[in-house]
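Trainee: Could you take a close look at one part of this structure with me? I'd like to go through it slowly, and then see what else is worth a mention.

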Amino acid sequence: MTRKLCGTNYPTSICFIVVNEFCERFSYYGMKAVLTLYFLTYLKWDKDLSTAVYHAFSSLCYFTPILGAVIADSWLGKFKTIVYLSIIYVIGHVVKSVGAIPTVGNTDVHIALSMIGLILIAFGTGGIKPCVSAFGGDQFDEENVKERQKFFSIFYMSINAGSLLSTLITPILRGDVQCFGGDCYALAFGVPAALMVVALVVFISGSGLYKRNPPEGNVLLEVCRCIGFAIKNRWRRSKYDPDRKHWLDWAEEKYSKCLIQEIKMVLRVLLLYIPLPMFWALFDQQGSRWTIQAARMNMAFGDSFSIQPDQIQMLNALLILVFVPIFDLIIYPLVGLCRIKITPLRKMAMGMIFAALAFGAATLVEINVVKTVVEPPPAENCHMQIYNLAGSDVAVTIRDSDLFPEPLHYLEDPPRYEMVQLQTSSKILYINTTFQGKSSDCNQMVYEKKSYSLILTSEAAALRCKLVEDFIKKNDTGNPRLRFFNTLPEVIDLTVGDVTFKVGPGQMSPNMTVERSRYSEVQCSLGSKPCSPLDLGLLDFGASYTVMLIKEADSVVPHKMEDVKANDIHIAFQIPQYALMTAGEVMFSITGLEFSYSQAPANMKSVLQAGWLLTVAFGNVIVLIVAEGAGLEQWIEFLLFACLLLGVCIIFSIMAHFYTYVDPDQMVKLYVGNSDKIDDDDADETGRKRNDMALKETSTKM
């Protein structure tokens with residue numbers, strides 16, 4: 001006898017399953033939200049390698065559900081499969097968290113632990129993906145259909161709630177909590193690990209209440225065996241058989257006509273799946289390329305509040321909760337009133353168009369974002385800017401170059417880096433300066449692909465030169481960089497935030513990363529004598545600053561120079577691309593599942609689920625290949641993906657035009673040879689709405 005919640009027909013056991021799903025989704029999306037920035041800032045990988053590994057992990061997460069389904073249906077059953085793979089899942093989280101502790105080994109150890117952890121997590125989350133929702137459905141008696149449908153709505157809400165909260169909280173744990181002298185990735189991964197432990201404990205706690213169905217054999221394996229036998233049998237028989245019009249008919253010697261007919265129906269749908277990975281190739285870049293883009297944008301909402309670049313991903317989960325009822329209750333009915341046929345395949349094609357438009361919007365944003373980025377100089381070239389701290393104008397000429405034609409003014413912020421052609425990997429630059437009517441040489445050795453600042457100061461009416469190497473790459477988390485140059489003859493002690501350091505006479509301090517904020521009370525002292533607090537003003541997102549410390553009227557005065565411009569495109573400009581992508585997801589993902597399940601026999605739904613999840617996996621493989629192989633500028637890559645998806649949409653639309661829908665209520669006739677089909681324009685509304693429960697079971701959010 002199944003225990004019921006007080007006064008309802010809901011089994012008590014579903015409480016444990018819903019809480020388990022919330023915690024598991026929190027742990028997965030929380031870890032994944034900060035993963036790209038972890039690769040960039042902690043492991044120091046470049047953006048292409050970080051994107052490739054991110055999507056390789058995502059791809060593995062959608063290949064492994066097939067393994068989980070086979071294990072559950074063929075050997076262990078759903079309950080044991082969930083428990084055992086959840087233990088692997090927890091171990092993966094713990095290993096991943098330990099790999100984020102700086103004191104544990106060197107970089108190679110951190111990389112090894114991170115990869116092992118991600119592989120274990122992929123097997124854990126992917127393995128339990130097809131089991132948890134189906135196990136929840138098993139808890140209901142057959143007569144409680146309405147309660148079961150409401151359960152899956154609650155279940156889906158718990159998925160989105162876990163996703164939303166985790167993408168909001170874990171970036172805060174990463175960026176706002178400092179540990180080991182930097183961003184606290186150990187905590188950002190540790191909290192999701194703790195939530196996965198809670199998920200496992202909660203699930204096991206309800207073990208005495210669960211209704212468990214024994215393994216009944218895996219239909220996916222049976223389908224594969226039938227297809228394999230048909231191919232092998234047809235290959236062996238060279239004689240044409242007019243009674244076998246389809247290649248699958250060659251399996252009739254071993255398998256029933258009913259099974260063969262069902263496989264034919266499934267293959268018709270799987271054929272339509274071939275173009276679908278391109279949609280997921282765009283969709284899953286929200287956590288990789290779009291996060292990298294966000295890190296180069298202005299994330300401030302006023303002076304007192306700002307968000308983390310990895311927090312913007314929460315928009316997808318939030319907009320899903322808003323868009324689903326809007327589309328179901330408003331948009332689709334309004335389109336229907338205009339006498340426009342809304343078929344599932346047309347919805348999916350529109351979803352592709354919206355995703356392509358999202359990447360078009362991302363392209364426009366990226367074009368403007370890169371205007372504040374200083375690209376590194378190519379081979380046989382270097383960058384140079386000149387600071388004039390000499391007290392009056394200085395004329396600078398570089399042999400064999402027409403750079404710096406005008407005199408440089410005192411304390412003028414250089415407008416940009418100039419490209420210096422070397423025509424070799426290293427070279428001595430012969431530089432001549434004219435200061436107060438006196439000419440002098442300032443020759444410097446420079447190297448290709450590097451950026452330099454030449455600092456000109458004066459001492460006893462003589463001009464002095466100092467060449468320093470600059471770090472022009474924007475911070476991967478969006479925080480500003482800061483350094484100080486001391487023109488005074490004394491050592492200066494400075495305190496910026498919680499960091500205290502010294503800057504010697506005529507020396508440049510190392511680059512330091514600081515929080516985006518107004519710094520109006522920077523403490524300083526000359527030896528044992530304190531000086532007035534320094535007002536540096538606003539240090540904004542993405543900028544690199546050099547502060548010249550100059551003595552004026554017995555006071556130390558800071559002059560702030562902006563080497564790399566601050567991010568001037570606001571993060572709000574990403575909202576349109578997220579809105580377009582989420583609208584595309586609603587039309588493509590949910591409708592795709594709805595269509596698939598309305599076109600397949602009931603016992604073949606797991607086969608289509610496996611096929612659907614594989615389209616997500618292959619979509620991530622596409623991004624992996626492009627990220628590692630194309631080497632394109634980011635805006636060109638975004639535009640390429642948009643164009644590719646539009647091309648795929650055209651192909652998909654042609655395939656959809658020739659597809660004929662099967663009425664689910666008439667499927668039984670197909671088993672005995674009838675082909676009661678309806679055209680695309682006359683797709684039965686009941687065929688689009690049935691199997692709502694199965695739709696809830698298999699959302700790609702799971």
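Mentor: Sure, let's start with the disulfide that joins C179 to C184, where the sulfurs sit 2.1 Å apart. Keep in mind that this is a predicted model. The torsion about the S-S bond of C179 and C184 comes out at about 110 degrees, so this disulfide is right-handed. Now for the surroundings of each cysteine. C179 has a relative accessibility of 17%, and because buried means under 20%, C179 counts as buried. C184 is buried too, with a relative accessible area of 5%.

That bridge has company: a search of the whole structure turns up 3 disulfides. One of them links C442 with C465, with an S to S distance of 2.1 Å.

To place these cysteines, use the domain assignment of the chain. Domain 1 covers 13-216, domain 2 is made of 256-372 + 575-661, domain 3 runs over 375-470 and domain 4 over 472-566. So C179 and C184 fall within the bounds of domain 1, while C442 and C465 fall within those of domain 3.

While we're on domains, have a look at where domain 2 meets domain 4. Their C-alpha centres lie 46 Å apart, and the contact takes 11 residues from domain 2 and 12 residues from domain 4. About 840 Å² is buried between domain 2 and domain 4, with carbon and sulfur atoms giving 53% of that area. On the domain 2 side, A295, D303 and T372 lose the most area to domain 4, together 50% of what that side buries. By class, the side of domain 2 that touches domain 4 has 5 nonpolar, 4 polar and 2 charged residues. As for specific pairings, the count between domain 2 and domain 4 is 0 salt bridges, and the count of residue pairs in polar contact, both at pLDDT 80 or more, is also 0.

Conventions. Residues numbered from 1 in each chain as written. Predicted model: local features only at pLDDT ≥ 70, side-chain atom pairs only at ≥ 80, totals over all residues. Heavy atoms only, no water. Contact = heavy atoms within 4.5 Å. Buried area = accessible area lost by both parts, 1.4 Å probe. Salt bridge = Lys/Arg side-chain N within 4 Å of Asp/Glu carboxyl O. Polar contact = N/O pair within 3.5 Å; in protein donor to acceptor, adjacent residues only side chain to side chain. Nonpolar A, V, L, I, M, F, W, Y, C, P; charged D, E, K, R; others polar. Disulfide = S-S within 2.5 Å. Buried < 20%, exposed > 50% of the residue type's maximum accessible area, 1.4 Å probe, protein only.
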